[in-house]
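Dear colleague,

I am handing over the structure below, followed by an account of what was found in it. Please read the account with the structure open beside you.

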Amino acid sequence: MADVHPTAVFEHRYVNVEVIEDAIYAVGESVVRGDADRLAVRLLMADAPSTISGSFESRLGETAVEFAVRAGGDLAETILAIQGPPGAGKTFTGAQMICALVAQGKRIGITATGHSVIRNLLDAVSQAAARLGQHDVTLGHKRDDADDDSGNVTEFDDNEAALDALQSGEIRVLGGTAWLWSRPEFAKSVDVLFVDEAGQMSLANVLAVTRAAHTVVLLGDPQQLEQPKKGTHPDGVGLSALQHMLGSHTTIPTGRGIFLPETWRLSPGIAAFTSEMFYEGRLRSKPGLERQQLVGSAFAGGALWAVDVNHDGNRNASDEEVEAVDRIVTTLLASGSAWVDEFGKDHQIAGTDILVVAPFNAHVGRLAERLEPGEVAVGTVDKFQGQEAPVVIYSMATSSPDDAPRGLEFLYSLNRLNVATSRARCAVFVVANPRLYEPDCRTPRQIELANALCRYRELATIVSL
């Protein structure tokens, strides 16, 4: 009828995964024939480098980054897993390794789940090369929406042109998604392929790209957020490559890879909680971060704060918590309130120094409406992975465990709590109804989930608003 109009419009995009499927199928066929690529087999078998417990032992006085750079240069036909907790320098480590490998005359590939992650590592490599005075580190990025003005990175919108530039030596480092590296023409095109955020990239996709390299380095942390999934998939399909390498372990065992043990972000109070609950006590703050703290307000000195707000019947949004968050922000932005950096320098707290995080979009919307537009950044946990600020406020919104709209597995998610609290350099505020600390757990898994939040409260300074 002419007077009936659509109420919504959306763009439907179909992502063709045929090239990745073909690459995985080819691996399967090679296994049946008995001539499977050693790299693919080692990934499937979760084999660590055979010499990592021998010649790759860390030397006295050698940092984890120096160890990784040295170890990376000695690898051949193998998989090296590197786990980098929050602020531990995963991207910095990867950039240093790539520069060292280029200096050895090797061709390097970079892949990840998205172009923004790839570009972030490419930019880090460019900065590392500038610091080291390396002029032979030429960079390229294959993407469909190539930009002519892309700084020190040459962008390609054509696969053949990108491959020609790599093979001719015009570029020494090329970034692209799994759709690029799975292609048969890219087989063994690079010596080492770096998979960034390998805690998010599925094992299947990493298996597909192994044909492109002689060695694969997995950079990431499975204790942070997994790759977002749409639709329903069989159990196990979403397992990341890095989690596959870790198996049942929370942190990568000695001899199976490299764990970066020192955070350059978290003050000792935050690092102690993060290390105990998520990294088996292996994470520590680098010297100097003990100076990072808040001064000049009611929240001076404390690293962990539990802000109790009573409310009833709220599921995915809470006006009461919006009010509490607004009061915290107002207090922090008041004249005289400051944060101290690792060098002991005071900084007046500005809106850009505060991240306000929530588990639900509905609550994010209410927070954004209440706080001054643009005053502070507000978003879900997913939005802020990879970011940091002196102060993080995590508002949980739900009145009780029974009100949780997506169940305890989401609201009490260990990965989400880890990401939310580990964005902070100086102080974390968890704003929640105190009933969330008293869930009626019915399974061992629910006890495990609730334990981290309850432990946070034990370590925190408790205030009521």
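Among contacts in this predicted model between residues at least 6 apart in sequence, 74% join residues that are at least 24 apart. One pair that is distant along the chain is Ala-204 and Ile-20, which are separated by 184 residues in sequence, while their C-alpha atoms lie 8.6 Å apart in space. Ala-204 belongs to helix H8, which runs over residues 203-209, and it counts as partly exposed because its relative accessibility of 33% falls between the limits of 20% for buried and 50% for exposed.

As for the overall fold, the secondary structure of the protein comes to 16 helices and 19 strands. The radius of gyration is 24 Å, close to the 23 Å that the globule rule gives for 465 residues, so the protein is as compact as a globular protein of that length. The C-alpha trace spans about 75 × 65 × 50 Å along its principal axes.

Turning to the interior, 55% of the 465 residues count as buried. The largest nonpolar core has 84 residues, and Leu-174, Trp-181 and Leu-218 are those with the most contacts inside it. Another core, of 34 residues, lies apart from that one and includes Phe-67, Ile-108, Leu-121 and Val-137. In soluble globular proteins, nonpolar side chains tend to be buried together.

On the surface, the protein exposes about 20,800 Å², of which carbon and sulfur atoms supply 49%. With regard to charge, there are 40 positive and 61 negative charges, whose mean positions are 4 Å apart.

With best regards

Technical notes. Residues numbered from 1 in each chain as written. Predicted model: local features only at pLDDT ≥ 70, side-chain atom pairs only at ≥ 80, totals over all residues. Heavy atoms only, no water. Helix = DSSP H or I, 4+ residues; strand = E, 2+ residues; numbered from the N terminus. Rg over C-alpha atoms; globule rule 2.2 N^0.38 Å. Buried < 20%, exposed > 50% of the residue type's maximum accessible area, 1.4 Å probe, protein only. Contact = heavy atoms within 4.5 Å. Areas by Shrake-Rupley, 256 points an atom, 1.4 Å probe, with all protein chains shown as cover. Lys, Arg positive; Asp, Glu negative; His and termini not counted. Charge placed at Lys NZ, Arg CZ, Asp CG, Glu CD. Core = buried A, V, L, I, M, F, W, Y, C linked by side-chain atoms within 4.5 Å.
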